[in-house]
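User: I'd like a close look at one part of this structure, with its surroundings explained as you go. Could you take me through it in one connected answer?

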Amino acid sequence: MARTLSTPPTMLSGCLAGAPQPVIPVAGGGLLLRPWERADARAFLSAYEDEGTRRWHTDRPSTVAQVEEWFEGYRQDWEREKGCHWAVARDSGEVLGRMALRGVDFEDGVANAAYWVLPAARGAGVASRALAAVSAWALDDIGFHRLELDHSTRNDASCKVATRAGYLLEGTKRSAAVHDDGRHDMHLHARVRGDR
């Protein structure tokens, strides 16, 4: 069923897929966000073999073949303007983490950020700098109005990443997500165009 909006969409179709997925530089030394490559599959899978990642992510691949399917889904998300998925990598190509914008809504200009970093990259500001970079690109260059993210209220590290990247804590969604150990309350953070 076609819908008729009383207001124009915040963003127009084609603002993502009208060009190749970009490589985004990350401030602060030798990092960038780039599309996932087939050669990254083993590094990606290793993240989900880590207990620190598994604790907060219940949707996880278990084989390289599954990761390659995810990568194909990521490519299709870009083409269909449904999501944006990047490897957080060093200039040398070494994968340090993942950054994504999911749930893209052009009508309201909203997307949801998601991320993880490999154990060796934790505590060095990789996630917060990568989140700040993708946020600046999405809000300033592409035209999103609002970016959201949520995380378990028990995940202090993710809360710090969000805050350092300029995402304000807006509240708590009670019993909003299921983790391996049961239901968790979730913090909701957001960054709106014009926030600094």
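User: Let's begin with two aromatic residues: are Tyr 48 and Trp 116 buried or exposed? Please start there and work outwards.

Analyst: Happy to! One thing to keep in mind throughout is that this is a predicted model. Tyr 48 is buried, and Trp 116 is buried as well.

The two rings also meet each other. Across the whole structure, a search turns up 13 aromatic pairs. One of them joins Tyr 48 to Trp 116 in an edge-to-face arrangement, with the ring centres 5.7 Å apart and 85 degrees between the planes. An angle over 60 degrees is what counts as edge-to-face. Tyr 48 belongs to helix α1, residues 41-48, and Trp 116 to strand β5, residues 110-117, so this pair ties together parts of the chain that are 68 residues apart in sequence.

The pair does not stand alone. Tyr 48 and Trp 116 belong to one aromatic cluster that also takes in Trp 36, Phe 44, Trp 70, Phe 71 and Tyr 74. If you colour those seven side chains in your viewer, you will see what the rest of this tour is built around.

A useful neighbour to add is Thr 53. Thr 53 sits in helix α2, residues 51-54, and is buried, because its relative accessible area is 3% and the limit for buried is under 20%. Leaving aside residues up to four places away in sequence, Thr 53 touches both Tyr 48 and Trp 116, along with Ala 47, Val 117 and Arg 122. The two rings you asked about are therefore both among the contacts of this one threonine.

Now to the helices behind the cluster. Helices α1 and α3 pack at an angle of about 105 degrees, and their axes are 9 Å apart. That angle makes α1 roughly perpendicular to α3. On the α1 side, the contact is made by Ala 41, Arg 42, Phe 44, Leu 45 and Tyr 48; α3 contributes Val 64, Val 67, Glu 68, Trp 70, Phe 71 and Tyr 74. Compare this with the cluster: Phe 44, Tyr 48, Trp 70, Phe 71 and Tyr 74 are named in the helix contact and are members of the aromatic cluster too.

Glu 68, another residue of that contact, leads us to the charged side chains. The structure holds 14 salt bridges. In one, Glu 68 pairs with Arg 38, and their closest N and O atoms are 3.4 Å apart. This bridge links distant parts of the chain: Glu 68 is in helix α3, residues 64-80, while Arg 38 is in the loop between β2 (31-34) and α1, 30 residues away. The partners differ in their surroundings, with Glu 68 partly exposed at 26% relative accessibility and Arg 38 exposed at 65%.

Close by in sequence, a second salt bridge joins the side chains of Arg 34 and Glu 37, at 3.8 Å from N to O. Here Arg 34 counts as buried, at 8% relative accessibility, whereas Glu 37 is partly exposed at 43%. Arg 34 and Glu 37 are also linked with Asp 40 in a network of salt bridges.

Finally, let's return to Trp 116 and place its strand, β5, in the sheet. Eight strands form an open sheet of mixed pairing, in the order β1-β2-β3-β4-β5-β6-β8-β7. At the edges stand β1 (24-26) and β7, each with a single partner strand, so one side of each is left without a neighbour in the sheet. On average, neighbouring strands are turned by 25 degrees against each other, direction ignored.

In that order, β5 is followed by β6. Strand β6, residues 146-152, runs antiparallel to β8, residues 182-192, and 7 bridges join them. Among the partners, Ser 152 is matched with Met 186, and Asp 150 with Leu 188. Further out, 8 bridges join β8 to β7, residues 168-179, and this pair is antiparallel too. Leu 169 stands opposite His 189 there, and the two strands form a hairpin with 2 residues between them. Helix α5, residues 156-164, lies across β5, β6 and β8, and runs at about 10 degrees to β8.

Terms used
Residues numbered from 1 in each chain as written. Predicted model: local features only at pLDDT ≥ 70, side-chain atom pairs only at ≥ 80, totals over all residues. Heavy atoms only, no water. Phe/Tyr/Trp six-rings, centres within 6.5 Å; stacked < 30°, edge-to-face > 60°. Helix = DSSP H or I, 4+ residues; strand = E, 2+ residues; numbered from the N terminus. Buried < 20%, exposed > 50% of the residue type's maximum accessible area, 1.4 Å probe, protein only. Salt bridge = Lys/Arg side-chain N within 4 Å of Asp/Glu carboxyl O. Contact = heavy atoms within 4.5 Å. Pairing = 2+ DSSP bridges. Axes fitted to C-alpha atoms, helices over the stretch in contact; angles between N-to-C directions. Parallel < 35°, antiparallel > 145°, perpendicular 65-115°, else oblique.
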